[in-house]
Amino acid sequence: MNDDYDGSDLWLRYVPVSDPGLLRRYRKAVTTVIVENADRDKVYRHTPDLAMAPGSTERLMESTLEAAREELVRGLSGLLDRRVRVESRPGHHIPDGAVIVGTRDSSATVRRLVPAEDLAALGDAGYLVRSLSAGPHEFTVIAGGTAVGALYGAFAFLRLLQTGKPVTDLDIADRPRVANRHLNYWDTERLYAGNDESGTGGLNGENGAIFNFAATGASADLNLPLILDRYLVAARAMASVGINGITINNVNANNAYLTPEYIAQEAALADALRPYGIRLALSIRYAAPTDPRFAPDTLTEEQMAPVDADFQAWWNRRARQIQESIPDFVGFTVKANSEGQPGPQDFGYDHGDGANGMAVAVAPLGLTIYWRTFVYNPDVDTDRLKRAYLEFGPIDDEPQPDGSHGRFLENVFLQTKNGPLDFQAREPIHPMFGRMANTNQAIELQITQEYTGQSRMLCFLAPMWEEILKTDTHATDDQGRPLDHRLVGHVVDGTAQGHSATSIVGVANLGNADNLTGHHFSQANFYAFGRQAWDWTLDSADLADDWVRMTWSGDEDVVDAIVGMMMGSWEALVSYQTPLGIGHQFTADVHYGPGPSESDLPREDWNPTYYNQADSVGLGYDRSPTGSDLTAQYFPALAAEYGSIDTVPENLMMWFHHVPWDHPMRSGRIFWDELVDHYYSGVEYVGGMRRTWDSLEPAIDARRFAEVRAKLALHEVDAADWRDTCVGYWQQFSGREIPDQ
Ligand code: BDP
């Protein structure tokens, strides 16, 4: 055990397999890595002197197959605790224990062993892993339709060994359900993955962001275009779970990212990530064309109408400039008319015009616009949760001159948060899922734990995402007949309504902390997000199990204990923070501790009191037909379920109802007693996690053990603060005692 290990390899640590029987079997099954023509198809590189920072240990790759080969060599040598042989062609006979990686194009062996139609069925990113034999020799073929597919296959194969699964008699075929599996990095905003107290400040005088564009102090010499080890660790980790695109800067965008100096830095980053199949996108500020720093190429207010040829030409020019340095550039992510950001409405146009104006500008370049729907203009409705659909829904329904419906262009994605408020620990689904049949939609999930414990609380988010993606929208066709495939996941993967442009986006949690995520357990959220983005039907408990084996230990007792902690951690957090569907009870701005009494923030809909509506009758926001009628934005079956206090799921109750303190709950208890019980049991769960973790001390390396232990201690204190603050405040309205626990 390396007691100093800091967690910096994420789940790609590749420690020797500890079970002697398993190690023996793996060593027999895997002896040699064979990658033909790994050096032939070098990826594009823009930056002539692309280089790692001095003292780096990672190495820049020149091709995707080289990345696959190097990962297999690194991984297998580590897992098998001995060097594996590497060959660039199989020779006369394929050696026993060979692992052959490639595409039908790169490898004559793959061409001979894998029929074209088997790969054609797997699309661009899919792969297959097959055990084959010739005479007495047994070997494995990892084949992709593309080199990136082969790389994904290599990671999948490594995962088998990392999780103690058999590697013989394999016949695996896998492909992603969603085409664009992206991360959005928000620079340091809502990032808890630096190393200092708050989690936001970073090492070496850096600001905590993963990518250094303008680091000062001790890190001033380490800015891009230099490549740091952590960029490549992140790239390998992203590729290992199939992430294929990243927006690299905050949605509250700084125009600096569109300047030539930054574009040169972005191009270097794109160069370094390209072998891993990861493409770059940028967040932009809608009003960038008026920024004097682009002088003389600036626009006047009059030219800012999205339908204006000058506006479109400006964005086309800017995009072309980027594309010249980053030929596989994805496009722009846009936060417009949201939380003070400029947008088309400032110039008299709606979101459809704004998104389409930009989309028209970049369509000739093959680029995409990710237009975020996180808007809540108070003039639209008194209920914040209704506002986005009221703005976007009619544009999706709008009849078009050619007889079709929906104004958003083909190269626009609307990027919509999972719920109608803002990444709360539990929300109902956003009513737009299923309702926007004529528009490409991306779902946005938050990996960084803004509202789910930040860098202090252990909260495994995969069960939440599973709940969201497997929620039935009850979507119907235009005749009112229920769709065959109508879970949120089906809407996202396009099978619900026949969309081929599909996307899932996670707000990233990687920073420059030693372990990249701050809390060691936050690595699991990054891991699980990627796996779920690839295949939303996966079981979150299986993902936890995989991650624990890859990250902590393969010992069955340890695995069971840690998976057990993780699987209840999200529900526990919901219980002690915002149980039974109460939303947004956080102190202003920080979004960590409890602030249920806060009522004087600059916007009414930022106040916890706006959401809790506490009074002597009860608690919760009436959004049923007797209240704001948000429920009407859902499909009829769901509207009916949510709209009645008798049928609404209890864990969403206060999102939709003002629940009387003595309302009878399904348990037989009254609402007040049930509510208080949630707060207490949530905190108890945290105590249980702490005790379980303590019991694992002999099995876990010292540094990581101690760091997690310290976090769990804080976690328990802070969870109790939530319980006591909230229950104490509600008591002022309910006038009731705390029932015996
Ligand atoms: C909120 C965050 C804020 C983001 C905003 C967004 O507090 O930092 O800018 O979401 O998604 O949750 O635009």
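## A buried asparagine in a loop

Asn418 is buried, with a relative accessible area of just 4%. That sits well under the 20% cut-off for calling a residue buried. This is a predicted model, so keep that in mind for what follows. As for where Asn418 lives, look in the loop between strand S14 (412–417) and strand S15 (440–446).

What does Asn418 touch? Leaving out residues up to four places away in sequence, the contacts are Phe423, Pro428, Ile429, His430, Phe433, Ile443, Glu444, Leu445 and Ile468. Take Ile443 from that set: Asn418 and Ile443 are 25 residues apart in sequence, yet their C-alpha atoms are 6.1 Å apart in space.

## Around the ligand

Now to the ligand, which has 14 residues around it. The closest are Glu189, Lys335, Arg372, Lys417 and Glu450. By type, the shell splits into eight charged, four nonpolar and two polar residues.

Some polar contacts can be picked out. An N or O atom in the side chain of Glu450 is 2.5 Å from a ligand oxygen. For Arg190, a side-chain N or O atom is 2.9 Å from an oxygen of the ligand, and for Asn252 a polar side-chain atom lies 3.0 Å from a ligand oxygen. On its own the ligand has 320 Å² of accessible area, and the protein covers 97% of that.

## Helix H14

Helix H14 runs over residues 540–551. Its twelve residues should span 16 Å at 1.5 Å a residue, and the end C-alpha atoms are 16 Å apart, so the two agree. At the N-terminal end, Asp539 acts as the cap, with a side-chain oxygen 2.8 Å from the backbone nitrogen of Ala541.

H14 is mostly covered, with nine of its twelve residues buried. Among them are Leu543, Trp547, Val548 and Met550, along with Asp546 and Arg549. What do the buried residues of H14 pack against? Their partners are helices H5 (147–162), H11 (462–469), H13 (522–534), H15 (556–577) and H20 (702–734).

## Helix H8

Helix H8 (residues 309–325) has 17 residues and reaches 25 Å from its first C-alpha to its last, close to the expected 24 Å. Here the N-terminal cap is Asp308: one of its side-chain oxygens lies 2.7 Å from the backbone nitrogen of Asp310.

Which residues of H8 are buried? They are Phe311, Gln312, Trp314, Trp315, Asn316, Arg318, Ala319, Ile322, Gln323 and Ser325. These buried residues pack against two helices, H7 (260–273) and H9 (351–362), and two strands, S11 (279–284) and S12 (331–334).

Definitions and conventions:
Residues numbered from 1 in each chain as written. Predicted model: local features only at pLDDT ≥ 70, side-chain atom pairs only at ≥ 80, totals over all residues. Heavy atoms only, no water. Helix = DSSP H or I, 4+ residues; strand = E, 2+ residues; numbered from the N terminus. Expected span 1.5 Å × (residues − 1). Buried < 20%, exposed > 50% of the residue type's maximum accessible area, 1.4 Å probe, protein only. Contact = heavy atoms within 4.5 Å. Polar contact = N/O pair within 3.5 Å; in protein donor to acceptor, adjacent residues only side chain to side chain. Near = heavy atom within 4 Å. Areas by Shrake-Rupley, 256 points an atom, 1.4 Å probe, with all protein chains shown as cover. Nonpolar A, V, L, I, M, F, W, Y, C, P; charged D, E, K, R; others polar.
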